[in-house]
Amino acid sequence: MFTAPQATDHKSLSAPDWSAIRADFPLLSQLAHQQPLAYLDNAATTQKPNAVIDSITHFYRFDNANVHRGAYQLSERATLAFETARDKIQRFLHAPSREEVIFVRGATEAINLVAQSYARPRLKPGDEILISAMEHHSNIVPWQMVCLQTGALLKVVPINDSAEINIAEYQALLNKKTKVVALTHLSNALGSITPVDQMIAMAHAREIPVLVDGAQAAPHLSLDVKQLDCDFYTFSGHKIYAPTGIGVLYGKQSYLEAMEPYQGGGDMISRVSFEHSDYNCLPYKFEAGTPNIAGVIGLGAAIDYIQAIGIDHIKQRERLLLDYATAGVSLIKGLRIIGTARDKASILSFVMDSAHPHDISTILDQQGVAIRAGHHCAMPVMTRFDVPATARASFSFYNNESDIDQFLQGLHLVNNIFSGKNG
Ligand code: PMP
């Protein structure tokens with residue numbers, strides 16, 4: 001019998017004990033440059049709680065075998081653990097069936113899968129793929145590749161100065177030639193939450209399928225693919241407290257059934273001869289080769305962990321941290337926030353008159369504060385706001401006010417250093 005290590009049930013507490021939750025993440029207790037580590041790069045990747053680390057260790061210590069193959073107890077246990085995680089993810093996404101949950105390497109692979117297996121065989125010269133102006137490169141480049149392969153055209157819905165999608169322009173861009181819409185649910189560079197429910201309904205009125213890139217949304221928002229009615233939804237494990245190298249593609253069964261496999265190999269077939277191969281049923285048709293078994297089990301444990309805290313508690317906590325940080329940076333001279341959407345989550349991108357984002361992040365690093373500086377794999381966003389790069393702090397529920405105070409002190413230091421006050 002498979003016995004996965006259990007996550008601490010923080011949900012049983014009416015208000016979660018956030019310092020106990022932080023203590024579940026062993027990495028966070030270390031020092032960085034002799035200061036407490038303030039890890040504020042959660043949009044790039046998240047730290048892992050003991051429950052996730054233990055689930056992976058447990059798998060390798062007691063249950064490691066290949067899945068779906070061995071007719072022996074160990075392989076049966078590994079398969080049960082692997083498929084149990086699929087059920088957890090189905091419930092997490094509110095997907096109608098477990099066959100619609102495909103394991104991939106991450107959001108990037110999921111989008112490439114849909115681009116190559118759904119779009120490429122169906123698109124003709126002059127057809128259009130519609131994305132927004134605040135997509136991650138992972139939701140731009142795979143579509144550009146399909147455009148090169150098919151002669152289709154990439155169209156882009158503009159955003160306003162607050163980094164909100166222009167819905168009237170979106171409506172105007174949807175037309176007979178639009179064959180796919182692909183939208184971020186939450187922008188990694190700006191923090192804006194896209195009104196995907198409204199945008200999906202508008203695309204469906206024209207029978208256009210919609211892919212939602214949920215890489216940033218999955219850790220912060222409640223997800224219900226059935227209610228959203230999206231046709232494809234993607235996310236990455238490592239941004240939701242699970243390991244790297246594992247992610248999920250949800251697709252409506254009718255689409256997945258109609259699509260050709262993305263890759264060929266073991267597990268995705270039911271019968272092979274040199275003349276012909278029959279493909280396996282869903283979801284295995286899209287899971288060629290030995291999967292990342294430990295990653296899947298870790299992802300299942302991560303989902304148990306955040307559900308034990310409760311996504312509503314997480315949303316409230318992260319809103320509070322974002323508001324606290326936003327109020328704090330508004331007092332910093334010469335600092336401008338890039339991305340001020342009304343509907344926004346957990347990400348604070350900014351520039352400062354006194355220093356380049358790379359200098360900001362280097363000085364903060366010396367103060368024990370980890371933030372990101374650069375284009376955040378969203379170069380067109382930098383062009384839109386006419387900046388070479390931004391500095392970005394991104395928050396998780398395990399962060400606290402002290403992390404943000406340390407961050408704000410670091411920003412004051414940046415101004416002091418570059419105005420010459422610090423020598
Ligand atoms: N989309 C968005 C919005 C992202 O933030 C990221 C990761 N930064 C991706 C897609 C790609 O995710 P991954 O690198 O895990 O495949």
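Let me begin at the ligand: one of its oxygen atoms is 3.4 Å from a polar backbone atom of Ala 107. I should state at once that this is a predicted model, and that every distance I quote is computed from it.

Two side chains also make polar contacts with the ligand. In Asp 213, a polar side-chain atom lies 2.5 Å from a ligand nitrogen. In His 238, an N or O atom of the side chain is 2.8 Å from an oxygen atom of the ligand. As for burial, the ligand on its own has 390 Å² of accessible area, and the protein covers 85% of that.

Let me now turn to the surroundings. How many residues surround the ligand? There are 13, and the closest are Thr 108, Asp 213, Gln 216, Ser 236 and His 238. Asp 213 and His 238 therefore appear both in this closest group and in the contacts I have just described, given that a polar contact is a pair of N or O atoms within 3.5 Å. By class, the shell consists of nine polar, two charged and two nonpolar residues. Where does the ligand sit? Its site is the largest pocket.

Finally, the protein as a whole. Its secondary structure comprises 14 helices and 17 strands. The C-alpha trace spans about 75 × 55 × 40 Å along the principal axes. The radius of gyration is 22 Å, which agrees with a compact globule, because a globule of 423 residues would have a value near 22 Å.

To close, I return to the ligand: it occupies the largest pocket, with 85% of its accessible area covered by the protein.

Note on methods: Residues numbered from 1 in each chain as written. Predicted model: local features only at pLDDT ≥ 70, side-chain atom pairs only at ≥ 80, totals over all residues. Heavy atoms only, no water. Near = heavy atom within 4 Å. Polar contact = N/O pair within 3.5 Å; in protein donor to acceptor, adjacent residues only side chain to side chain. Areas by Shrake-Rupley, 256 points an atom, 1.4 Å probe, with all protein chains shown as cover. 1 Å grid on protein atoms, 1.4 Å probe; cavity = no way out; pocket = protein on both sides within 12 Å on 5 of 7 lines; lining within 4 Å. Sits in = over half its atoms within 2 Å of the grid points. Nonpolar A, V, L, I, M, F, W, Y, C, P; charged D, E, K, R; others polar. Helix = DSSP H or I, 4+ residues; strand = E, 2+ residues; numbered from the N terminus. Rg over C-alpha atoms; globule rule 2.2 N^0.38 Å.
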